[in-house]
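Hi,

Here is the structure I said I would pass along. Have a look at it first, and then read on for what turned up.

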Amino acid sequence: MIEFRDVWKSFGGHPVLQGIDLRIEPGERFFILGQTGVGKTVLIRLLVGLLRADRGQVWVDGEKVTAFSEAQFMSVRRKCGMVFQFPTLFDSLTVFENLAFALRRHTDLSEEEIAAQVRENLALVHLPGDVAERMPQELSYGMQKRVGLARTIALRPRILLYDEPTTGLDPFTAEQINRLMLEMAEKLSVTSVVVSHDLISMVRVADRVTLLADGRLVEVSRPEQFLHSANPLVRQFVEGRAAPEAAP
């Protein structure tokens with residue numbers, strides 16, 4: 001579903017990605033771990049054309065998108081849903097209007113069909129239908145996060161890109177988000193790419209994981225193997241994060 005082939009990216013002469021090779025399979029839940037500022041988000045921005053690689057190839061769903069024009073990238077972006085660290089809802093619109101926005105803009109659905117789709121998407125993130133008439137600021141932060149996810153899945157993307165989805169959340173809300181990531185992968189059959197430094201989330205959700213450090217991918221493995229890796233960079237990251245035991 002996603003592939004990076006010898007991808008390089010620098011900013012102002014500073015190398016951020018140095019020869020990245022990575023393949024993510026359809027339906028996989030893949031975590032990209034690393035400290036803040038190492039370039040994790042750069043990888044997912046390359047996927048949707050918000051940044052362009054200096055060298056190498058980026059493939060999405062069987063298409064080499066590296067040299068795509070801005071117009072060509074629109075079809076790629078329709079396949080990808082971006083879940084930001086913050087809810088990024090339109091504060092002046094109700095929850096319903098937030099969720100209906102993309103459906104009105106990018107589909108030919110009737111208003112009745114849009115209303116049904118909004119209700120379905122709210123149910124998928126375990127929110128009651130009456131939330132639709134409320135304003136975002138009337139909701140708890142955890143509920144806003146779930147509304148943000150419901151808006152992201154409105155057009156049924158094939159790939160969900162999560163940017164630090166549990167950062168700054170209390171343990172209860174973070175666990176809710178972890179469960180939703182698992183449910184979205186199962187119910188919508190999406191490929192999930194999660195940029196994070198949260199080891200608990202990695203253990204709960206990931207099929208495979210890698211660590212980005214010094215511009216390179218240090219290791220690609222399953223969560224339990226990652227936690228017990230002998231690689232010194234992985235050990236430093238794991239021990240610094242007080243990793244939990246891998247789930248059985």
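Below are my notes on the pockets, the cavity, one helix and one strand residue. Keep in mind that this is a predicted model.

**The largest pocket**

Start with the largest pocket, which has a volume of about 940 Å³. It is lined by 33 residues, and the closest to its centre are Arg77, Cys80, Gly81, Met82 and Phe84. If you want to find its walls, look at helix 1 (40-47), helix 2 (70-79), strand 6 (80-83), helix 3, helix 5 and strand 7 (159-163), each of which supplies at least two lining residues. Helix 5 gives the most, with five residues. As for chemistry, the lining has 20 nonpolar, six polar and seven charged residues.

**The second largest pocket**

The second largest pocket comes in at about 250 Å³. Its lining includes Thr166, Thr167, Gly168 and Leu169, along with His197, Asp198, Ile200 and Arg204. Helix 6 and helix 7 (199-205) each put at least two residues into this lining, and the largest share, four residues, is from helix 6. By class, the lining of this pocket splits into four nonpolar, five polar and three charged residues.

**The cavity**

How many cavities of 30 Å³ or more are there? The count is one, and its volume is about 40 Å³. Around this cavity you will find Leu46, Leu51, Arg52, Ala53, Val58, Val65, Thr66 and Phe73. Six of the lining residues are nonpolar, one is polar and one is charged.

**Helix 4**

Next, go to helix 4, which runs over residues 111-124. Its 14 residues should span 20 Å at 1.5 Å a residue, and the end C-alpha atoms are indeed 20 Å apart, so the expected and modelled spans agree. The buried residues here are Ile114, Ala115, Gln117, Val118, Asn121, Leu122 and Leu124. Why might buried positions in a helix recur every three or four places? An α-helix has 3.6 residues a turn, so residues three or four places apart point the same way. What covers the buried residues of helix 4 includes helix 3 (95-106), helix 5 (141-152) and helix 6 (171-188).

Glu113 also sits in helix 4. Its relative accessible area is 42%, and it counts as partly exposed because that value falls between the 20% limit for buried and the 50% limit for exposed. Leu103 is ten residues from Glu113 in sequence, and their C-alpha atoms are 9.6 Å apart in space. Just after the helix comes His126, with a positive phi near 60°.

**Thr191**

Finally, take a look at Thr191, in strand 8 (residues 191-196). Is Thr191 buried or exposed? Its relative accessibility is 1%, and anything under 20% is called buried, so Thr191 is buried. The side chain of Thr191 reaches the backbone nitrogen of Gly27 at 2.8 Å. Leaving aside residues up to four places away in sequence, Thr191 touches Met1, a run from Ile24 through Pro26 and Gly27 to Glu28 that includes Glu25, and also Arg158, Ile159 and Leu160.

That's what I have for now. Happy browsing!

Note on methods
Residues numbered from 1 in each chain as written. Predicted model: local features only at pLDDT ≥ 70, side-chain atom pairs only at ≥ 80, totals over all residues. Heavy atoms only, no water. 1 Å grid on protein atoms, 1.4 Å probe; cavity = no way out; pocket = protein on both sides within 12 Å on 5 of 7 lines; lining within 4 Å. Points joined across faces, edges and corners; volume = space filled by probe spheres on them. Nonpolar A, V, L, I, M, F, W, Y, C, P; charged D, E, K, R; others polar. Buried < 20%, exposed > 50% of the residue type's maximum accessible area, 1.4 Å probe, protein only. Polar contact = N/O pair within 3.5 Å; in protein donor to acceptor, adjacent residues only side chain to side chain. Contact = heavy atoms within 4.5 Å. Expected span 1.5 Å × (residues − 1).
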